[in-house]
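This report introduces a structure to a reader who has not met it before. Please look through the sequence and the model first, and then follow the sections below.

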Amino acid sequence: MNVVESTRLALESIWANRLRSFLTLLGVIIGIAAIIATAAVIHGLNRYVAEKLSNLGKGVFTVQRFGLITNRQQFLEAIRRNRRLLPADARAIEARCPEAEVVAWETHATVDLKRLDQEIRDTDCGGITPAILEIEPYDLDQGRFLVPGDEDRAAPVVFLGADVAERLFPNVDPIGKDLRVGGQQLEVVGVAVKKGSFLGFSQDNYVKIPYGLHRKLFGTGRSINISVKAADDARMAEAMDAVRAVLRARHHLRPADEDDFSMVTAEGINDLWSRLTQTIFTVAMFVVGISLVVGGIVIMNIMLVSVVERTREIGVRKAVGARQGDIVQQFLIESVLLSCLGGAIGVLIAFAASTALAVHTPLPASFPAWAPAVSFLICTLIGVFFGIYPALRAARLDPIEALRSE
Amino acid sequence: MTSSREPAVATDEVIRTAGLTRSFPMGSTTVHALRGIDLVIRRNEYVAIMGPSGSGKSTLMNLIGCLDTPTSGEYWLDGQPVAQLQEQDLAQIRNREIGFVFQTFNLLPRASALRNVELPLIYGGVPPAERKHRAAEALEQVDLADRMDHRPNELSGGQRQRVSIARALVTRPALLLADEPTGNLDSKTSAEIMVLFDRLHAAGNTIVVVTHERDIAERSHRIVTLHDGMVSSDEPHRRSRQP
Ligand SMILES: Nc1ncnc2c1ncn2[C@@H]1O[C@H](COP(=O)(O)OP(=O)(O)OP(=O)(O)O)[C@@H](O)[C@H]1O
Ligand SMILES: [Mg+2]
């Protein structure tokens, strides 16, 4: 018997018991919907991180006091061991590493912003050298960014993130206006394009001022993050080695000592992130996997019931010439179809859910394009795996005994 | 009709059984339905099997029809020892060589008459269009052209019986086994079915019919009577042509 015929039979039988079929499928539906919804959230996060968070371009790395730290132990060690990075370190790199084309740095302070009677507390205030623009460009909405001249004069100017501009200058053009940053009156020179929020955290709640000014206002002792762009993108590793050598020499480290600073690349950020999401995904898959196994067992159960109910039918089919293979095929196609139907419903639910999540929650969920194909594969496997035993049982029925059954 | 299988034994024996027994263990006792049947049926014979209820007629037919396996004894179909055949070969024999009319119809309740008759052709790999055509033809032969789309529960007992006859005939088998094919039919339809059987016989088919009715049996050429699982008499009848 050919597959078309078996498929038709299977559809007839699923349709004849539609309520039961649907209830049977709940496990698979929920399992598949949960897998894909989880994948959609992680996919969305990954895309966001790749596109927006790790905006370090090609051939760019940063040197930081702490870098990417994922556990407490690492953190305690780093605090003990790592020295603050200072402009002198950056200048040494500039002077001694021809492999580094651009060297820029930024330091941070948390400040309160005030304008008239409006106030925003605890905003990130970055002190930057304008060269950082060559490494990590900001999209300009209005005005201008900080320029080398600002840095040279430690000019009292400030560049705003979109949130700050929106909240403190609701209906006013902020350019040229005054803003109190940590008690100091500064002139607004520009506003960045809105980046949006990530996991509920605004990416636009910051101000940037010239590094020299930052030193004057918030002290000279703050560690800086040094951004380096390699002269040749393809030879970033060499540039990193050169920078490492310079810093180790400056910090008087012996060959056996570990680095007392850390280097971060876009790859490093992505790696860390994907390790993180992979862990989440693995845990989620395990939970969901259980629900799929349960779903599969339910399918197996219902197929066994179906075989018993249709014993006579199987007898008739065998009596008129159905081979064991024909019967196996018929029941296997039915269980695969059943499970794939559940998968299809699950995919639709996941699609709706990920769209709803993206719209109504801070999670940047994004429905992965591979989801339908992968679900189809998973469901086919479930259908075959859990359907084969009932199908074989049906096929091995003795024709006469099957015909005699009531 | 000829079989495509090995012509090792050049014989016109379609059926040969030797010491065929079939018993059913029922808890502590055993029901001996057949106690040693030796029977030879040749090509184009028309045999009626008679005997009281419970004498083992259906059991014998099931064995001959390759639906059941004997407890002991041997059975050759077209010169081939059936015990040595694989499951697939048996399925093919049931599909192509044998048309079986069951005492209890054994139709698929959810399928229309047409679909029921198509069933053997589906497993025979006949393409859909030809399948429909041949199934419709077979239903016409049993006078059910106007009931093709009805399900078994929408048909009378006699009509169901005729659907099952159509299903047995649709593959044009060389050997027709009918277990009380007229048990549910009125005398007029019975007569029509018997005419049909006569025609099949005239066309060269081998026919074995189980019946309770003397007048049906008398249309055959040979009457085998079973008693308590054994052949009690086996006699040629008026129209018989002795080989
Ligand atoms: N599967 C079975 N299990 C137990 N006993 C069986 C089975 N099949 C047949 N028998 C027994 O074997 C004997 C012969 O049964 P069979 O059906 O062959 O009789 P029959 O001659 O066809 O009778 P009828 O004319 O009533 O159809 C009966 O006693 C029956 O109870
Ligand atoms: Mg009987």
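In which helix of chain A does S335(A) lie? S335(A) belongs to helix 12 (residues 324–360) of chain A, where helices are DSSP runs of H or I with at least four residues and strands are runs of E with at least two, numbered from the N terminus.

## Basis of the model

This is a predicted model, in which local features need pLDDT of at least 70 and side-chain atom pairs count only at pLDDT 80 or more, while totals for chains, interfaces and linings use all residues. Residues are numbered from 1 along each chain as its sequence is written, chains are lettered from A and ligands numbered from 1 in the order in which they are written, and side-chain values use heavy atoms, with hydrogens and water left out.

## The surroundings of S335(A)

S335(A) is buried, with a relative accessible area of 0%; buried means under 20%, exposed over 50% and partly exposed in between, using a 1.4 Å probe and protein chains only. Apart from neighbours within four places in sequence, S335(A) is in contact with I299(A), M303(A), G383(A) and G387(A), contact meaning heavy atoms within 4.5 Å. With G383(A) there is also a polar approach, since a polar side-chain atom of S335(A) lies 2.9 Å from the backbone oxygen of G383(A).

## The magnesium ion

The magnesium ion (ligand 2) has as protein donors S58(B), through OG, and Q103(B), through OE1, at 1.9 to 2.3 Å; donors are N, O and S atoms within 2.8 Å of the metal (3.2 Å for Na, K and Ca), and sites may look incomplete because water is not among the atoms. The two donors are 45 residues apart, S58(B) being in helix 1 (residues 57–64) of chain B and Q103(B) in the loop between strand 6 (98–101) and helix 3 (113–123) of chain B. S58(B) is partly exposed at 24% relative accessibility, and Q103(B) is likewise partly exposed, at 35%.

## The site of ligand 1

Ligand 1 is surrounded by 16 residues, the closest being R404(A), S53(B), K57(B), S58(B) and T59(B), where a surrounding residue has a heavy atom within 4 Å. Because these residues come from chains A and B, the site is shared between chains. Helix 1 of chain B gives the most to this shell, with three residues.

Oxygen atoms of ligand 1 lie 2.5 Å from a polar side-chain atom of S53(B) and 3.0 Å from one of Q103(B). The protein covers 74% of the 630 Å² of accessible area that ligand 1 has on its own, as given by the Shrake-Rupley method with a 1.4 Å probe.

Key. Polar contact = N/O pair within 3.5 Å; in protein donor to acceptor, adjacent residues only side chain to side chain.
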